[in-house]
Amino acid sequence: MDTRVRSHPLPASGERAGVRGERSVGIATPLVDGIEKVTGRARYTADLPAGEALVGRILRSPVAHGVIRGIDTARARALPGVRAVITGLDFAAPYGVIPIAQNEWPLARERVRYRGEPIAAVAAVDEATAEAALAAIELDIEPLPAYFAAADARAPDAVRLHDNKPGNLEREVDQCFGDVEAGFAAADLVREATFHYAEVAHGQIERNAAIATYEPERDRLTSHSTTQVPYYLHLTLAQCLGMDASRIRVVKPFVGGGFGHRVEPLNFEMVVGALARAAGGTVRLLQSREDSFFTHRGRPETDIRLKLGLTKAGRITAVDCEIVQRGGAYGGYGLVTILYAGALLHALYEVGAVRYRGYRVYTNTPPNGAMRGHGAVDARHAFEALLDAMAQELVLDPFAVRRANLITTPYRTLNDLQVNSCGLPAALDWVEQASQWKERRGKLPRGRGLGMACSHYVSGSAKPVHWSGEPHAVVNLKLDFDGSITVLTGASDIGQGSSTLLIQVVAEVLGVPMARIRIVTTDSALTPKDNGSYSSRVSFMVGNAALRAAQELLRILVAAAAKRLGVEPGRVDWLGEGCRVEGSDRGLDFAEVVSAALAEAGTLTVKGTWSTPPETQGGKFRGAAVGSSAGFSYAAQVVEVAVDEETGAVKVERVWVAHDCGFAINPLAVTGQVQGAIWMGMGQALQEEAQYHDGLHLRANFLDYRIPTIAESPPIEVQLVESDDPLGPFGAKEASEGGLHGFPPALTSAIADAVGIRLAELPATPDRVLDAIERKQRADKLAAARARRPQ
């Protein structure tokens, strides 16, 4: 269901002034690559023809922590059909997506730090030979103490996983905004609670794959890979292989989902490049599902202590939060993740004061990284869950408490985040009415309940990971003799529909049919650099760049038409597929305009760029850039559940969600993205959980790692709220992550309404729910017995 609260008409401001052609934005539009996907014609990395490519395979560490005393590859190299064997010594440098936290080698050097870490790799003529070569490699690893919990890794006598990281801390954060103690003193109710969250994997459908071709005669490398960040991969290949970046080409084919797993360069991508160079040819490396779980980069296991202060009216006077994340063996996005967790305590509500302490801890488990809703999902559950419990204690409706703390835009948060638009009030109104909250909350049969929560998220990070001073986004448009317009972009469409959106933006500005426009993406030999698909940046940033490029092309076309018609450009009435002189019948069709525009210089290529304004880039304190964004999305949702008190099983009956996306350029895609976010939130809240035994992953497949199926997916009613962000393209902003944050707390609130228990640990598996029900029953019996005793 897609209904919309529109606070403004279809955009007609500076983006489209004077244009009277076809409309393309604000209209539900099938994805431009949909036909290829549903017919099976789409070529994913594993589908690409690679001729007589060699088979790549990786040997993984059998221990969780140890010193590498030796790797004997002689027997493997001697096997017939083996073309290359490499170890960590074949790489020039370590890597990591954050420039100041690069401590991971594509293949382990000197020490292994988690069970399953890549340690050697081979390229051979077929799979059997490659497997035989792996079996022939002899390892000599001296075991070291291993730590699988953050608390154990932080113990005073714990061995350092990285010599330069005392206490096994990747990053410690200590921030305070406002007078926290005064805030608590002013509160009528102060409560503190602790929460625990399991580690979660991305669960992308497509398994990891990469194909690399090395041309020894030219010293050139071409990489095709399942990546969300071709530019970062390009930089990392050059760094790890010690090659000049100009000799590398990176191409992203179709990608079958990412959700953050592919938002940083991954070890197998550098490994296959090194194998191709060592073998002097082409190597294909296809990972198993278990390999993907070893590569990981999911949401970290997290412990939270949260303290809130509220007035009798529900105003939030103070927040004190401490978060510990089990980060795994290497840096990755770790320092960003722990900063996000604290930064996004702000910008959803107006709060009196905030203290935040965060600890990102190294452990001997696969590295964690970014996952949909990066950094803030667990913290949002803790915040909303405690707020809900305190509202009940104050006898306040949960909606009333949220409304008591709404921000008014424009708004500058305590930690210097700039908020220019906020549709949360309208979102709250819709879900309250659609779910019949006032009529049904607390009145459903035993075992049925309603819960609500709010959430928000960024529309791209205001400062990129690799700060170079370049524009945040660049789009080129090419117009040639045939009248076709080609969008050239490095932005990665990984299923979210960004390629469709960019065509819609260009078509809208020019007033031409979308059929006139084609798009070429993510090939470093053809397309301009783009930072990648992460933090919901593409619609906002690349959309703005495409809009500016289209405006420049329109200017050129109008000028050329005016010259051909012998009038000033201001007298040209642009109609999209042609133009005419204002107040006359004289005009040109589109082909004639193109002929006029190309007459002097031939094929036209125009460029559009966009960068975040300085006022949106955060404050001056350490870590201030993380969390800063040019636009914030907002969402409210209500979840209805049924709880079986005999088994502890929880069934989600229905979800109502209203998402403030600024403006829905493609309502069809936006609705799908919101539903996907809710669905992923449901997986984390109800059943997804990574577990280890002595560092061995116990659920490294889709049978044991439980992801919701269509049979468990409830009806999800989506309302799109359009608050018209002043910086977004046509007012648009984030749509695919913010809703995820709100589902887990809405679910646990609904469980509390249904059976009277408040869960402080996720996922809410039947055993945990049943344990909580039984604890409550025992506590209720004890309280009743005490009440019957004579005073």
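Where does Pro763 lie? Pro763 is in the loop between β32 (761–762) and α19 (766–788). We'll come back to this proline below, after a look at the whole chain.

## The chain as a whole

Keep in mind that this is a predicted model. The protein chain comes to 19 helices and 32 strands. Its C-alpha trace spans about 105 × 75 × 50 Å along the principal axes. For 791 residues, a compact globule would have a radius of gyration near 28 Å, and the chain's 28 Å agrees with that. Of those 791 residues, 62% are buried.

## A three-stranded sheet

Let's pick out one sheet. It is open, has three strands in the order β5-β3-β7, and its pairing is antiparallel. The edges are β5 (111–112) and β7 (138–143); each has a single partner strand, so one side of each goes without a neighbour in the sheet. Strands of a sheet pair through backbone hydrogen bonds, in either a parallel or an antiparallel way.

How many bridges pair β3 with β7? There are six, linking β3 (residues 66–72) and β7 in the antiparallel sense. Among the facing residues, Asp72 sits opposite Glu138 of β7, and Ile68 has Ile141 of β7 as its bridge partner. On the β5 side, two bridges join the antiparallel strands β3 and β5, with Val67 opposite Arg111 of β5.

## Two cis prolines

Back to Pro763: the peptide bond leading into it from Leu762 is cis, with omega near 10 degrees. A cis bond also runs from Thr409 to Pro410, where omega is near -5 degrees. Pro410 belongs to the loop between α11 (398–403) and β17 (411–412).

## Positive phi values

His296 isn't a glycine, yet its phi is positive, near 55 degrees. You'll find His296 in the loop between α8 (289–295) and β14 (301–310), and at 2% relative accessibility it counts as buried. Phe730, again not a glycine, has a positive phi of about 60 degrees. Its place is the loop between β31 (716–722) and α18 (738–755), and Phe730 counts as buried because its relative accessibility is 2%.

Then there's Gln436, just after α12, with a positive phi of about 55 degrees. Helix α12 itself covers residues 424–434, and its buried residues include Leu424, Trp430 and Val431. Glu432 is buried in that helix too.

## Cysteines without partners

How many disulfides are there? The count is zero, and two cysteines help show why. Cys176 has its closest cysteine sulfur in Cys321, but the gap is 13 Å, too far for a bond. Cys176 is partly exposed, since its relative accessibility is 45%.

For Cys422, the closest cysteine sulfur belongs to Cys454 and is 9.3 Å away, so again too far for a bond. Cys422 is buried, with a relative accessible area of 15%.

## Cavities inside

Rolling a probe the size of a water molecule over the atoms shows where empty space remains. Here the count is five cavities of 30 Å³ or more, and the largest has a volume of about 80 Å³.

Which residues line that largest cavity? The lining is made up of Ala201, His202, Gly203, Gln204, His261, Arg289, Ser292, Phe293, His296 and Phe702. So His296, the residue with the positive phi near 55 degrees, turns up again in this lining. Sorted by class, the lining has three nonpolar, six polar and one charged residues.

How values were computed. Residues numbered from 1 in each chain as written. Predicted model: local features only at pLDDT ≥ 70, side-chain atom pairs only at ≥ 80, totals over all residues. Heavy atoms only, no water. Pairing = 2+ DSSP bridges. Helix = DSSP H or I, 4+ residues; strand = E, 2+ residues; numbered from the N terminus. Buried < 20%, exposed > 50% of the residue type's maximum accessible area, 1.4 Å probe, protein only. Disulfide = S-S within 2.5 Å. 1 Å grid on protein atoms, 1.4 Å probe; cavity = no way out; pocket = protein on both sides within 12 Å on 5 of 7 lines; lining within 4 Å. Points joined across faces, edges and corners; volume = space filled by probe spheres on them. Nonpolar A, V, L, I, M, F, W, Y, C, P; charged D, E, K, R; others polar. Rg over C-alpha atoms; globule rule 2.2 N^0.38 Å.
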